[in-house]
Amino acid sequence: MAAKYEERMKAKGFLPYYLDILPAKFIQKAKVELGETDEIRGPALEQFRKRILEDKKLKCLTDDKFLIQFLRTRKYDVDNAMGLLHNYFNLITSYPDFFETLDKEKMYKLASSNFINILPFRDNDGCLVVTIKMENWDPDDINVQVLFSTVTAVFFCLEIYPANQICGIRIIFDAKNYSLKHLRCIVPRYIPLTAKALRNCLPVRFKSIHIVNEASIFRHVWSILKIALSEKIKGRIHFHGDNMKGVHKFIPKEVLSYEYAGDCTSYNDYLVKEVDKIYDRFTMMIKTFFS
């Protein structure tokens with residue numbers, strides 16, 4: 001069944017989530033949308049690296065793979081990339097109880113629960129599609145610190161890949177069975193952290209965020225969260241309830257899983273397989289931040 005689905009998707013021109021080689025159309029997309037060329041990339045990296053090494057407040061990686069995600073997110077404006085890196089650094093170091101010591105076993109357990117996952121194929125624009133399902137998070141078993149550190153680690157590692165940096169990410173946030181237990185863990189204490197993560201802190205191009213299956217209790221969270229978000233981000237957040245046809249206007253049904261009236265009948269287990277790599281990469285970055 002999975003093999004037939006993959007054959008159909010490839011025949012229709014949909015690209016898989018993992019790409020060994022950057023397609024020519026993505027290289028062109030980077031040139032048109034981000035202003036990226038060979039002539040711009042090299043000097044920008046060197047200038048960015050020089051600025052970081054001169055900055056006594058920043059402690060971070062300076063390899064090309066780490067730096068280019070910030071440059072691409074800010075369309076090669078080095079000043080804006082520095083601002084984003086400072087915000088990211090401050091976000092992480094402001095919450096040492098979340099990030100300084102990671103619980104690998106709990107992170108693996110959360111990843112295995114299908115709380116956060118990646119759909120096998122990209123949309124027409126090349127965007128990666130990530131699902132987050134609140135009903136698969138049990139706060140009594142996995143605390144909020146593990147939740148935030150896992151989500152941050154996953155997005156950090158997804159953004160290492162050039163295709164994701166260039167095309168961006170679409171998120172389906174499934175609020176089905178969002179309960180008072182979930183609300184009490186997040187609101188009000190961690191609303192500022194959530195807002196910061198969405199607003200000029202993560203080196204991620206969030207193309208759109210789709211809230212589905214939300215009940216009135218989740219609307220309460222949104223009424224508080226939206227106060228702290230920029231108009232740009234608010235404009236990219238869409239509420240659909242249980243109307244999956246509304247989601248299909250943004251993400252082709254061929255890409256979506258069956259829960260969202262899509263054609264994909266089998267999930268990949270990318271995150272479960274990659275937990276060791278995600279943990280190791282994120283830990284390496286965190287150690288430099290807290291050194």
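Asp-140 is exposed, with 62% relative accessible area. That value is computed from a predicted model, as is everything else I will mention. The side chain of Asp-140 forms a salt bridge with the side chain of Lys-181, at 2.8 Å from N to O. Asp-140 sits in the loop between β2, residues 128-133, and α8, residues 144-158, while Lys-181 belongs to helix α10, residues 180-186, so this pair ties together parts that are 41 residues apart in sequence. Lys-181 counts as partly exposed, at 36% relative accessibility.

That is one of 21 salt bridges in the structure. I will go through two others.

Take Lys-29 and Glu-33. Their side chains meet in a salt bridge, with an N to O distance of 3.1 Å. How far apart are these two along helix α2? They are four residues apart in that helix, which covers residues 24-34, and therefore about one helical turn separates them. Now the accessibility of each partner. Lys-29 has a relative accessible area of 17%. The cut-off for buried is under 20%, so Lys-29 is buried. Glu-33 comes out at 32%, which puts this residue in the partly exposed class.

Next, Glu-36 and Arg-41. Here too the side chains form a salt bridge, and the N to O distance is 3.1 Å. Is Glu-36 buried or exposed? Glu-36 is buried, at 7% relative accessible area. Its partner Arg-41 is partly exposed, with a value of 24%. This pair also belongs to a network: salt bridges link Glu-36, Asp-38, Arg-41 and Arg-72. If you have the structure open, those four residues are the ones to select together.

Leaving the charged pairs, a word on the strands. Strand β5 covers residues 237-241, and four of its five residues are buried, so the strand is largely enclosed by the rest of the structure. Which strand is joined to β5, and by how many bridges? Strand β4, residues 206-212, is joined to β5 by four bridges, and the two strands run parallel. To place the pairing on the sequence, start from Ile-209: its bridge partner in β5 is Ile-237.

To recap the salt bridges by accessibility. In the Asp-140 and Lys-181 pair, the aspartate is exposed and the lysine is partly exposed. In the helix α2 pair, Lys-29 is buried and Glu-33 is partly exposed. In the remaining pair, Glu-36 is buried and Arg-41 is partly exposed.

Methods
Residues numbered from 1 in each chain as written. Predicted model: local features only at pLDDT ≥ 70, side-chain atom pairs only at ≥ 80, totals over all residues. Heavy atoms only, no water. Buried < 20%, exposed > 50% of the residue type's maximum accessible area, 1.4 Å probe, protein only. Pairing = 2+ DSSP bridges.
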